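Visitor: I should like to learn how charged side chains are read in a structure. May we work through one together?

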Amino acid sequence: MSEPTTTTVDVNGHPCRVWTKGSGPKIGFLAGFGGLPRWIPFLDRLAESRTVIVPSLPGFPGATGHNILDTHLDWLVAVRTLLTKAGLDGADLAGSSVGGSFVAEIAALWPQSVRRIAMIAPFGLFDENNPATDVWAQRADDVPALLCAKPEAYKELKAIPAGANSVEWPIEQTRAAEAAARIFCR
Amino acid sequence: MKMLWFHLMPYTELPDDFKEKHPSVWVDIHSSLFDPKRAHHMYNDFLDELEYAAECGYDAICCNEHHSNGYGLMPSPNLIATALARRTTDTAICVMGNSLALYNPPTRVAEEFAMIDCISGGRLIAGFPVGTPMDTTYAYGQNPSMLRERYNEAHDLVMRAWQEKDTFAFNGRFNQQRYVNIWPRPIQEPHPPIWIPGAGSVETWRWAAERDYVFCYLSYYGYKMAQTVMKGFWAEMDRLGKDRNPYRAGFAQVVGVAESRQQAMDLYTEPAEYFYGRCLHVDPRFASPPGYTTEATQRVGLESQVKMAAEASKAGPSAQQPSAMKMQSLARDMKGIVDNGYVIVGSPDDVTDQLMELAKTLNVGQLMLLMQFGSMSKDVTKYNTRLFAEKVMPRLKPLFSEWENKWWPKPLRVAERAALPAFAGSSPAAAE
């Protein structure tokens with residue numbers, strides 16, 4: 001599994017990481033709750049036939065600027081800016097969890113900016129008679145099994161890489177969970 | 001030294017198997033455990049106890065705000081404070097306090113605190129907590145990521161509302177009000193003393209010190225465990241060029257006094273075990289929502305953990321600083337509770353000696369005493385309160401007399417105050 005190339009774009013004065021890998025028609029991917037602390041095999045599969053572009057949402061790993069976004073409209077405008085600057089205007093978009101919700105909303109508000117969308121477990125639909133599990137109110141040990149059919153895969157995703165800063169890594173993971181919470185609840 | 005009598009108002013009849021059968025005392029505690037008819041008696045007992053503390057000569061009586069829980073039955077401390085304002089005359093009333101970010105608009109806090117200050121004749125101490133994660137994020141649905149920003153803005157709005165003489169417009173990030181003009185306005189000028197409850201956050205210490213507010217460390221784990229936090233606080237005051245006036249700081253301590261140590265153990269074991277075992281039984285999943293703790297505070301905590309882990313690996317596991325969860329696990333029974341210094345129990349001499357040590361080592365002038373805790377009955381509470389007032393209080397009072405307490409209410413002179421209650425007795429003259 002080779003590493004993607006990394007660039008950075010500016011959204012509201014804050015840097016956001018953009019990963020790119022593969023060749024062929026462009027497809028953008030917006031990650032879900034917690035973001036992507038590292039490249040994952042799923043994106044490699046996509047990159048076999050497509051140019052995969054993975055911009056980090058504000059506050060997700062590799063990006064900051066979540067704490068100036070107060071309303072959901074603030075977020076949508078920021079995501080639209082991020083996608084455009086990442087070269088994804090008019091491309092196919094896929095997303096999971098909160099990223100899945102965003103691709104749907106971007107397509108609804110700016111239909112010309114998206115060719116096709118694919119959503120994986122989009123977050124944000126809410127039935128008060130059957131509320132979704134609150135992922136922000138969990139014991140840390142319970143989170144992997146709640147979010148992933150293969151808990152070990154989730155643990156690997158979040159495990160601190162060799163040589164990473166042992167203070168900044170957990171702060172970055174917490175920041176991503178905070179950013180995800182900020183998207184849907186004012 | 002000031003001694004404040006602080007009531008948490010716990011639900012006193014949680015079942016014996018509460019901890020085993022219920023995941024949390026907060027947020028999703030089951031409604032079937034709450035009996036309103038029993039709560040009628042609890043509230044009235046608690047108010048009696050607070051009024052009794054005022055009669056016994058404590059400098060202040062205190063209440064606070066919590067939601068959706070069996071730990072403290074005061075969603076509105078302002079209701080309690082108002083009742084106390086009518087039933088006491090000279091004691092300060094410390095509302096510790098109103099969680100500013102939970103009020104919409106926050107001018108409600110400015111108004112209600114001003115009402116309490118007017119009704120009480122200027123006896124209010126105004127506390128501004130951020131609020132626990134359980135109260136703010138989970139019970140009240142506030143986004144932890146915005147909580148502190150909302151708190152800061154609400155604070156600025158309340159302070160302006162108290163002090164500006166003319167109607168003004170407030171156009172904040174979270175609050176927009178075209179006409180801010182509160183009626184009533186507080187008696188105390190320029191405003192009631194402001195106290196900030198908090199824990200080990202350098203940012204909170206700095207924020208409070210810059211505004212000349214009192215910082216109160218509300219820990220339930222006793223003065224021995226509080227040494228590191230309060231040393232850090234005073235070091236930060238030194239760094240900011242503030243004096244070491246002990247009245248800048250408050251500390252909460254659970255206390256049980258009796259004629260002898262054995263008698264104290266007999267009286268206070270059950271309520272202490274109830275308090276630590278049931279009232280503090282909070283599901284960890286409600287303890288730290290992302291965004292509640294600032295990144296700067298997370299960084300300090302993580303850096304100190306890394307450092308302590310390194311030191312502990314040299315010195316052995318016992319050198320590690322206990323975490324809140326560890327501290328809670330040490331409180332399983334009265335022996336652990338007392339041996340770890342969470343609760344101060346004993347004869348008047350024992351208690352006096354320990355509180356002297358507390359005052360001197362923490363350099364704290366505003367001592368908040370938790371003298372009803374857990375399931376403690378009204379009679380035992382009365383006994384504890386009275387014995388402390390008679391045998392301990394006089395010996396602690398002279399402490400720190402060389403310092404001025406600039407953070408204490410300045411009530412109206414007695415001659416300026418209303419007679420309470422005006423129509424008591426057979427004729428108006430009887431009230432005089």
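Visitor: With which residue does B:Lys21 form a salt bridge?

Guide: Please bear in mind that this is a predicted model. A salt bridge is recognised by distance: a side-chain nitrogen of Lys or Arg lies within 4 Å of a carboxyl oxygen of Asp or Glu. B:Lys21 meets that condition with B:Asp17, their closest N and O atoms being 2.9 Å apart.

Visitor: Is B:Lys21 buried or exposed?

Guide: B:Lys21 is exposed, with a relative accessible area of 60%. Its partner B:Asp17 is partly exposed, at 27%.

Visitor: How many salt bridges does the structure hold over all chains?

Guide: There are 37 over all chains. One of them joins A:Asp92 to A:Arg115, with 3.1 Å between the closest N and O atoms. A:Asp92 belongs to strand β5 (residues 91–96) of chain A and A:Arg115 to strand β6 (residues 114–120) of chain A, so this pair ties together parts that are 23 residues apart in sequence.

Visitor: What are the relative accessibilities of A:Asp92 and A:Arg115?

Guide: A:Asp92 has 4% relative accessibility and counts as buried, whereas A:Arg115 is exposed at 55%. Both residues also take part in a network of salt bridges that links A:Arg50, A:Asp92, A:Arg115 and A:Arg116.

Visitor: Which side chain of chain B meets A:Arg175 in a salt bridge?

Guide: The partner is B:Glu295, at 2.7 Å from N to O. This pair crosses between chains: A:Arg175 sits in helix α6 (residues 168–184) of chain A, and B:Glu295 in helix α11 (residues 295–315) of chain B. A:Arg175 counts as buried, at 14% relative accessibility, while B:Glu295 is partly exposed, at 23%.

Visitor: How should a charged residue without a salt bridge be read? Where is B:Asp117 found, and what is its nearest side chain of opposite charge?

Guide: For such a residue, one looks at the distance to an opposite charge and then at the other neighbours. B:Asp117 is found in helix α4 (residues 107–120) of chain B. It is buried yet has no salt bridge, and the nearest side chain of opposite charge, B:Arg123, is 8.0 Å away.

Visitor: Which backbone nitrogen lies 2.9 Å from a polar atom of the B:Asp117 side chain?

Guide: That nitrogen belongs to B:Ile187. Leaving aside neighbours within four places in sequence, B:Asp117 is in contact with several residues, among them B:Ile187, B:Pro186, B:Gln188 and B:Pro192. B:Gly122, B:Arg123 and B:Leu124 are also included in that list.

Definitions and conventions
Residues are numbered from 1 along each chain as its sequence is written. Chains are lettered from A and ligands numbered from 1 in the order in which they are written. This is a predicted model: local features need pLDDT of at least 70, side-chain atom pairs count only at pLDDT 80 or more; totals for chains, interfaces and linings use all residues. Side-chain values use heavy atoms; hydrogens and water are left out. Helices (H or I, at least four residues) and strands (E, at least two) are DSSP runs, numbered from the N terminus. Buried means under 20% relative accessible area, exposed over 50%, partly exposed in between (1.4 Å probe, protein chains only). Lys and Arg count as positive and Asp and Glu as negative; His and the chain ends are not counted. A polar contact is a pair of N or O atoms within 3.5 Å; within protein, one must be able to donate a hydrogen and the other to accept it, and residues adjacent in sequence count only if both atoms are side-chain atoms. Contact means heavy atoms within 4.5 Å.
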